[in-house]
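Visitor: I have a model to look through. Walk me through the strands and tell me how each label is earned.

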Amino acid sequence: TATQPRQPLLKTALPGPKTKAIMERDSQHLSTSYMRPYPFVPDHGEGVWLTDVDGNTMLDFFAGIAVSTTGHAHPHVVKAVQEQITRFAHVCLTDYPQEITTSLAERLVAHIERPGEKWRVFFGNSGAEAVEAAVKLARNHTGRTHIISTLGSFHGRTYGAITLTGSKTKYKRGFGPLLPNVSHVPYPNPFRPPLGSTPETCGQAVLDHIELLFSTVIPADEVAAIIIEPMQGEGGYIVPPADFLPGLRALCDKYGIMLIFDEVQAGMGRSGKMFSFQHFAVQPDIVTLAKGIASGLPISAMLAKESVMTWPVGSHGSTFGGNPVAAAAAHATLDLLEGVVKHPGCGESLMDNAREVGGYILAELRKMQAEFGFLGDVRGEGLFIGLEFVKPDGSPDGALRDRASMAMFEKGLLNLDCGEAVIRISPPLILTREDAETGLKIMREALAAL
Ligand code: PMP
């Protein structure tokens, strides 16, 4: 007989006693800004499974917000980390080179360089730090100040990053003054087309809107950069129409503006290609990476064309940036993403697997969409998938989404919301078809019970 796929194992009513006790201490001593969508306190993980402190084992469909690409405690990653930490944990990349980070930079640029076009890498510790570096570089390189970002975007929590972020006002209220000279334009969301456009014309509508701003309120020759998520993450896992990013590239070329792609969430293989912009025929000037780079160890990167990375020696740095232990984890993660090391049951590489299993999940969710009228939209690429809940009039139904999310959790599926009324599906890229089936079955049961 074939072995049965692993199932969630709920040993206690949720939350269990140890979870409750830690959550109580957490609420007493940690920052009041932390959110707690449902009661879960991890104890240990293995692959796509996480076990809480009460011994309840859950299927992980959010991977620590699109971070744990190789799953939890992947043996190849653990070994790489152990080997490096016994050699040295820190010296400081700002002042001394270290081979492990040099070779990591070489591997990253290999995924983006084109003939005759060299790229360079700056390493930080978080997505926000990569975004700050990108904006500083764009201003420094162009000698211009204005930055254009998009509505619905998320770029992080530091001052520059919250200024660029175009979603919830709670990220900004009471924190000002923010960075000057930042404007926001709509994101071409085919499901909710902005500016009176249609799903087919929304890309061009946004480009026309930017041109209108350039001829009226923002002198184009004062614009240093346009920063955009090639697939929008926190805003709702949105894929723009195919003509949009090439059009944006042409617009940037016309006015000498740097095009920054924030790949912090959709990048590193999640979409089924190394970078999500590679689904479109387009090349940026600057790219930011974090989250999925190192399977959970903190490291981020800002990549820029050599012709753009012209800032002077000593003008930017980071004490911990490019930490060698995190770099070791990044090498191991790349091994699995590229298929240099194979993960059993995941085809030639984790990127292949993301395409394969993601395509399967998308197709299955579209079947559910036909069954449940409140699933307004199912979208995504690879294992970057959004499920949008709507009211009968088509408007976003955040309350229903929250109930669905909780119902899935109670059945042993860890999931996370995004946007106004979206559940994101961003599991580890080692998710097999069998485990995907298990997750989909839980989702269907939870949705049916709504
Ligand atoms: N950019 C994008 C696209 C993100 O999704 C995030 C995090 N959600 C960030 C930047 C900020 O990353 P970090 O939290 O590591 O600073």
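**Strands and their labels**

Guide: Strand 8 (residues 258-262) is mostly covered, with five of its five residues buried. This is a predicted model.

Visitor: What makes a residue of strand 8 buried?

Guide: The cut-off is 20 or more other C-beta atoms within 10 Å of its own. Met258, Ile260 and Asp262 point one way, Leu259 and Phe261 the other way, and all are buried. In a regular strand the side chains alternate between the two faces of the sheet.

Visitor: How do you know that strand 7 and strand 8 pair?

Guide: Pairing takes at least two bridges. Strand 7 (residues 223-228) and strand 8 are joined by four, so they pair, and they run parallel. Ala225 stands opposite Met258.

Visitor: Why is the crossover from strand 7 to strand 8 called right-handed?

Guide: The chain goes from strand 7 through helix 8 (residues 244-255) to strand 8. The crossover is right-handed, which means that the path runs clockwise with the strands pointing away from the viewer.

Visitor: What makes strand 9 a partner of strand 8?

Guide: Three bridges link strand 8 to strand 9 (residues 286-289), in the parallel sense. At least two are required, so the two strands pair. Asp262 has Thr288 as its bridge partner in strand 9.

Visitor: Why are strand 1 and strand 13 said to stand at the edges?

Guide: Their open sheet has four strands in the order 1-2-3-13, with mixed pairing. Strand 1 (42-46) and strand 13 (413-414) each have a single partner strand, so one side of each lacks a neighbour in the sheet.

Visitor: How do strand 2 and strand 3 run, parallel or antiparallel?

Guide: Antiparallel, with three bridges between strand 2 (residues 49-52) and strand 3 (residues 57-60). Trp49 has Leu59 as its bridge partner in strand 3.

Note on methods:
Residues are numbered from 1 along each chain as its sequence is written. This is a predicted model: local features need pLDDT of at least 70, side-chain atom pairs count only at pLDDT 80 or more; totals for chains, interfaces and linings use all residues. A residue is buried if 20 or more other C-beta atoms lie within 10 Å of its own, exposed if 12 or fewer, and partly exposed in between; C-beta atoms are placed from the backbone.
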